[in-house]
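Work through the exercises below with the model open beside you. Try each task before reading its solution.

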Amino acid sequence: MEKDLRLDNIEMNHHLDIDDSRLKKMITIKLDFLQNKITLDEAKKQMNASFEKVSAEEFAIGEQHLQSYGITDDMLAERMDDILEIFDGILESTDLNLPKGHPISTYQDENLAIEQVLSSMESLLEKKFIKNQWLELYDQLSQISVHFSRKQNQLFPALERKGFDKPSKVMWTLDNNIKDIIRKAKAFLNDDNDIEFLALQPEVIELVRDMIIKESEILFPTSIELLSDEEFTEMRISDDEIGYCLIDTPPLYKPTTKDLNALDKALDSNSELLKDLASVLQKHGISHSTQDDEVLNVSQGQLTLKQINMIFKHLQVDLSYVDENDIVKFYSDTKHRVFPRSAGVIGRRVQNCHPRESVDTVEKIIDAFKKGEQDEAEFWLEMGGKFIYIIYNAVRDEEGHFRGVLEMMQDVTHIRSLTGNQRLLSWESESNNNDRINDEPSTELIENKYNIVQDTKVGTLVKQYPYLKDYLVSLSPKFEKLKSPILFKTMANVATLEMISERGGFQVSDLISKLVDEIDRNK
């Protein structure tokens, strides 16, 4: 079969210098195995007989070529462990030796921290079960979702632009499986199902270690080969917005002097080109750029670009826009964002911004919008104590032509809890008849049927209503430390609602109102 094997001219071919004859031999063996023509042992013997060593880049580009022969992403995901077994002993381990601050170095540091958590879990499995010890470890392990989020929003888009889309299509599934099993284990732990919880731990540890191995042996070395210093520099800037897993914020990463000089030269060249283009446009009476203070005629009114950006930034709803070619063109930059996003998503196919399991739904929505069969699709979900509402709208021009999809997402937990009427400002004093605005929240606004006041201790409240601990954490990242059993025990009988409201950036009256609403919902 090898002599008849063709290698399509895929995008990755332009970024990696790979020997075609080696690649054909490798793909032939993998295809024979995946098509059940040879056994796992036979495939392993043939691979070992054919190659002394195989690089991560050769492995990666081989995976990319498999799709030309009917090997689906589902098949690769299901049999990836077997495929890696075929390469056991010959897949080169690469010492990347990267400086601190390099995005790949940061992923490696996070994996070291995750491995420490896994080692602690293994140690606890040999000791007497103590719930608080496991709660603390699972609070740490749950931070792995931040590691995944940066990969999916930063690293995967950059690799897709170089034609390497297998990580976002295959590894995303593994990441989701890990998040699912962590949630399952935490549910067992919180419900005091000790036997089920402990029985699940070897599988949790194995799945997470499997992820670390795949990243270290394939993903990271291939990323270094495919991506430039400039791309990693840009990636590092947006990494901060998403955050980090179990490590402190790393230092900034800067390219080498040689790379900076090359970048400056390229920018100077582009600058001259833009100047020439601007001259031509101005000659024909066309404005060549839009300044922040230039007034634009929008649909209803006149706004500057700066005002438009401020409006998007302050909307109490997350917006994303995908154009008619399925390319992500825009998302609103808001502080209250429900799910993390980064600039890496811009210019990316929307199908690659979702895990494989949900791509079919995304494509059904877009297809129905394009055909004019539907104009909106709505979803809602409960997550981490929040109720999230999501609606997709077809965007059409004046002639009714499809121009894309607008996604609107909002945390409506507070809205759902509202009852009756509120016609007065929340900071308006009701202690007199003058209807004047008071500088301090009124005492009446804090009074409630549960006798929760600003001096109420957090520990007293959580002891009476245990679910409020998770609810407080869901309200603000600044309450994250409440999840630590040790820290919580230390401050529970000291910290008042007034103290933690200041920490979380709330008015104490607003925080008490939220807690009262949450208790009402759980009664």
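**Exercise 1.** Find the residues in contact with Leu155, leaving aside neighbours within four places in sequence.

*Solution.* Use contact in the sense of heavy atoms within 4.5 Å. The partners are Ile104, Tyr107, Arg150, Leu219, Ser223, Leu227 and Met235. Before going on, note that this is a predicted model: local features need pLDDT of at least 70, side-chain atom pairs count only at pLDDT 80 or more, and totals for chains, interfaces and linings use all residues. Residues are numbered from 1 along each chain as its sequence is written, and side-chain values use heavy atoms, with hydrogens and water left out.

**Exercise 2.** Place Leu155 in the largest nonpolar core.

*Solution.* Start with the terms. A nonpolar core joins buried Ala, Val, Leu, Ile, Met, Phe, Trp, Tyr and Cys residues through side-chain atoms within 4.5 Å. Buried means under 20% relative accessible area, exposed over 50%, partly exposed in between (1.4 Å probe, protein chains only). Next, take the core itself: it has 46 residues, and Leu155 is among those with the most contacts inside it, together with Met47, Phe59, Phe87 and Leu227. Helix 1 (residues 20-34) gives the most to this core, with seven residues. Helices here are DSSP runs of H or I, at least four residues, and strands are runs of E, at least two, numbered from the N terminus. Another core lies apart, with 25 residues, including Trp134 and Leu189.

**Exercise 3.** What does the salt bridge between Glu110 and Arg150 tie together?

*Solution.* First check the pair: the N to O distance is 2.8 Å. A salt bridge needs a side-chain nitrogen of Lys or Arg within 4 Å of a carboxyl oxygen of Asp or Glu. Then locate the ends. Glu110 lies in helix 5 (residues 103-125) and Arg150 in helix 7 (residues 144-160), so the pair ties together parts that are 40 residues apart in sequence. Finally, check burial. Glu110 is buried at 0% relative accessibility. Arg150 is buried, also with a relative accessible area of 0%.

**Exercise 4.** Which strands stand at the edges of the open five-stranded sheet?

*Solution.* Two strands pair if DSSP finds at least two bridges between them. Write down the order: 4-3-7-6-5, with antiparallel pairing. Strand 4 (328-331) and strand 5 (376-383) are the edges; each has a single partner strand, so one side of each is left without a neighbour in the sheet. Now look at one pairing. Strand 3 (residues 318-323) meets strand 4 over three antiparallel bridges. Ser320 stands opposite Tyr331 in strand 4.
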